[in-house]
Amino acid sequence: PDDGIRAQPRSRGLGDVYKRQLRGCLRRFTAPETLLEDNAWRCEGCAARRRATKRVAVWRAPRILVITLKRFAYARSSRKVDRYVDFPLEGLDLAPFVAHAGGEKGRADLTYDLLGVVNHFGAAGYGHYTAFVRDLFAVGGPGPWLRCDDSSVAEVPAEDVRSSAAYVLFYARRDAVRAESLSSPPDSNV
């Protein structure tokens, strides 16, 4: 079975030899889970604990999808999780994870393109944040990727956007981008 883990050679300092795929992470997050013992479902009628199955799904696909990668683990102490998660810059299909995907036409409307990434460098208790952004709504198509680091902004190649520092991913639904791009330019005073 495809669990989202692919063997990859080490490259560009991306951490573990095994890369995790975002689609595999979403598949595991939305997989049915059996609730047992201390976590069993409580019947509202008789108050008895019952074995049950739950499944997490996106109820309605948002125009802007925000995915936070688990980068901090807390047990007896806190630690930073630096495992590389491979995520698509374009074409993330959310349909398998949406409760009401709306048939084949709905599937086309559930494709997302990355518009930004927040990165965290450091440890669990401290660190530095940077971001990558691009203007998906630009007339004529998406603008270039930009790296934002404090007061510095520089254009970067797309391959620089993926790293083990990625913490928060921002995706825009393609149909929303098309609709926004066709409408009038946003008010510059907003």
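T130 is tucked away in this predicted model: the residue is buried, with a relative accessible area of just 9%, and anything under 20% gets that label. T130 sits in strand β13, which covers residues 126-133. Setting aside neighbours within four places in sequence, T130 makes contact with V117, V118, N119 and F121, and also with C148 and D149.

Those contacts fit with the strands on either side of β13. β12 (111-123) pairs with β13 in the antiparallel sense, over eight bridges. The two strands form a hairpin, with two residues between them. One bridge in this pairing joins G122 to its partner G127 in β13. β13 also pairs with β14 (residues 145-149), again in the antiparallel sense, this time over three bridges. Here V133 stands opposite L146 of β14. So β13 has pairings with both β12 and β14, and the contacts of T130 include V117 and C148.

S164 is another buried residue, but in a loop. S164 lies between β15 (152-156) and β16, and counts as buried because its relative accessibility is 16%, against a cut-off of under 20%. Along the chain S164 and H120 are 44 residues apart, yet 9.0 Å separates their C-alpha atoms.

Next comes the nonpolar core. The largest one takes in 25 residues, and the members touching the most others are L22, F87, L114, L169 and Y171. Four elements each supply at least two residues of this core: α1 (22-29), β7 (64-68), β12 (111-123) and β16 (166-173). L169, one of the members with the most core neighbours, shows what this looks like at the level of a single residue. Not counting residues up to four places away in sequence, L169 touches L22, L65, V66, I67, L69, F87, L114, G116 and V117. Among these partners, L22, F87 and L114 are themselves on the list of core members that touch the most others. V117 turns up in the contacts of L169 and again in those of T130.

As for the protein as a whole, its secondary structure comes to three helices and 16 strands. Of its 190 residues, 35% are buried. Counting contacts with a separation of 6 or more, residues 24 or more positions apart account for 56%. The exposed surface comes to about 12100 Å², with carbon and sulfur atoms supplying 53% of that area.

Methods: Residues numbered from 1 in each chain as written. Predicted model: local features only at pLDDT ≥ 70, side-chain atom pairs only at ≥ 80, totals over all residues. Heavy atoms only, no water. Core = buried A, V, L, I, M, F, W, Y, C linked by side-chain atoms within 4.5 Å. Buried < 20%, exposed > 50% of the residue type's maximum accessible area, 1.4 Å probe, protein only. Contact = heavy atoms within 4.5 Å. Areas by Shrake-Rupley, 256 points an atom, 1.4 Å probe, with all protein chains shown as cover. Pairing = 2+ DSSP bridges.
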